[in-house]
Amino acid sequence: MKMEHRLAQIMLLLCGPLLVFSAAAQEQSIRPGINRHFEDPDWQQWVNTFERPGREVYDQRHAIVAASKVRPGMTVADIGAGTGLFTRLFASAVKPKGTVYAIDIASTFIDNILRTCREQGLSNVTGIVNTPVDIGLPADSIDLAFMADTYHHFEYPQQTLASIHQALRSEGRVIIIDFRRDPRISSKWVMGHVRSNKAQVIQELQAAGFRLVDDKPLMRTNYFLEFVKSGKEEGE
Ligand SMILES: C[S@@+](CC[C@H](N)C(=O)[O-])C[C@H]1O[C@@H](n2cnc3c(N)ncnc32)[C@H](O)[C@@H]1O
C-alpha cells in the first residue's frame with residue numbers, strides 16, 4: 001500500500017468518529033419548544049384530542065390506511081404514534097405475521113399504546129421510546145415509515161430523516177400526512193404552529209434522499225405525500 005494511502009487510512013481511523021460526531025452535533029433544534037405539551041402528556045386528554053370526530057385525519061383514518069397500501073406481513077413504523085390511532089389500525093392490517101413499531105418520544109404514549117393493544121388482542125406491536133434525533137430502528141428493518149401530524153414536530157429533521165432512510169428496506173416507502181400551511185385555507189393556529197408548507201417538506205425529503213411518488217388529494221386541510229428512497233422509479 002502506498003504511503004499516502006496508509007496515512008489517509010490512519011487519519012480516517014483517528015478522526016472518523018470525531019467527524020461523525022460533529023456532523024450529528026451540527027443540527028440545532030429547528031423549533032425549540034414544539035414538543036413541550038408531550039413532555040408529560042395526559043393520556044386521556046390526548047385521546048380526546050386525537051381520536052375525536054371533526055379531526056380530519058381521524059375522520060379519514062380508514063381512507064388513510066387504505067391509501068397507505070399496508071398489507072399482511074409488512075413491517076410498519078408509526079413515527080410519532082401519539083395515542084396509537086394508526087398503530088392499532090396498521091396492526092390489524094399487517095396481521096398475522098406483520099409488525100408495527102409504535103415510536104414516540106413520550107413514554108406515556110408508548111406505555112398506553114401497548115396496554116390498549118394488549119386489551120384489544122393486538123400482539124404484533126412493539127413500542128419504542130425514541131430520542132428527538134433518531135427513530136431507534138436498525139438498518140433495513142421496515143417497509144413503511146408513516147407519520148401523521150408528526151413531521152412538523154421534528155426538531156431535528158435532517159438527523160431524524162437520516163435515521164428513517166437507513167431503517168427503510170430498499171423498496172421501502174415514507175408517508176407524510178401533515179397540515180397544509182396556506183393562508184387561504186389554514187387557521188391562524190396552523191399558520192403559527194406549523195413551520196413549513198408542503199413544497200418545503202417535499203424539498204427537505206428530497207434533500208434527505210427520498211423521491212416523491214404520490215400526492216393524494218385525500219383531505220382538505222391535510223396533505224398526503226408518499227416517497228420512496230431515491231433511485232426507485234414510480235410504478236416499479
Ligand atoms: C400531533 S401528535 C400526532 C399523533 C398521531 N400520529 C396522530 O396523528 O394521532 C405528534 C406526536 O409526535 C411525537 N413526536 C414529536 N417529535 C418526535 C420525534 N422526533 N420522534 C418521534 N415522535 C415524535 C409527539 O410526542 C406526539 O405524540
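By "surround" I mean that a residue's C-beta atom, placed from the backbone, lies within 6 Å of the ligand. With that cut-off, 22 residues surround the ligand in this predicted model. The closest are Phe-38, Gly-80, Gly-82, Ala-148 and His-153. By class, the shell holds 13 nonpolar, seven polar and two charged residues.

Now the fold as a whole. The chain has nine helices and seven strands. It runs to 236 residues, and 34% of them are buried. If we take contacts between residues at least 6 apart in sequence, 70% of these join residues at least 24 apart.

I'll spend most of the time on two helices, α5 and α6.

Helix α5 covers residues 85-94. Seven of its 10 residues are buried, so the helix is largely enclosed by the rest of the structure. The buried ones are Leu-85, Phe-86, Thr-87, Arg-88, Phe-90, Ala-91 and Val-94. Note that Arg-88 is on that list.

After α5 comes a loop leading to β2, residues 99-104, and Pro-96 sits in that loop. The peptide bond between Lys-95 and Pro-96 is cis, with omega about 0 degrees.

Next, α6, residues 107-119. This helix has 13 residues and reaches 18 Å from its first C-alpha to its last, close to the 18 Å expected at 1.5 Å a residue. Its buried residues are Phe-109, Ile-110, Asn-112, Ile-113 and Cys-117. An α-helix has 3.6 residues a turn, so residues three or four places apart point the same way. What do the buried residues of α6 pack against? Their partners are α2 (43-50), α5, β2 and β3 (125-129). Just after α6, Gly-121 takes a positive phi of about 75 degrees.

Last item: positive phi in residues other than glycine. I have two to show.

Lys-69 has phi near 55 degrees. It lies in the loop between α4 (61-67) and β1 (75-79). Asp-149 has phi near 60 degrees, and its place is in the loop between β4 (142-148) and α7 (157-167).

Which of these is buried, and which is partly exposed? A residue counts as buried when 20 or more other C-beta atoms lie within 10 Å of its own, as exposed at 12 or fewer, and as partly exposed in between. Lys-69 has 14 such neighbours, so it is partly exposed. Asp-149 has 20, so it is buried.

That is what I have; the structure is on the screen if anyone wants to go through a particular loop.

Definitions and conventions
Residues are numbered from 1 along each chain as its sequence is written. This is a predicted model: local features need pLDDT of at least 70, side-chain atom pairs count only at pLDDT 80 or more; totals for chains, interfaces and linings use all residues. Ala, Val, Leu, Ile, Met, Phe, Trp, Tyr, Cys and Pro count as nonpolar, Asp, Glu, Lys and Arg as charged, and the others, Gly among them, as polar. Helices (H or I, at least four residues) and strands (E, at least two) are DSSP runs, numbered from the N terminus. Two residues are in contact if their C-beta atoms, placed from the backbone, lie within 7 Å. The expected span of a helix is 1.5 Å times one less than its number of residues.
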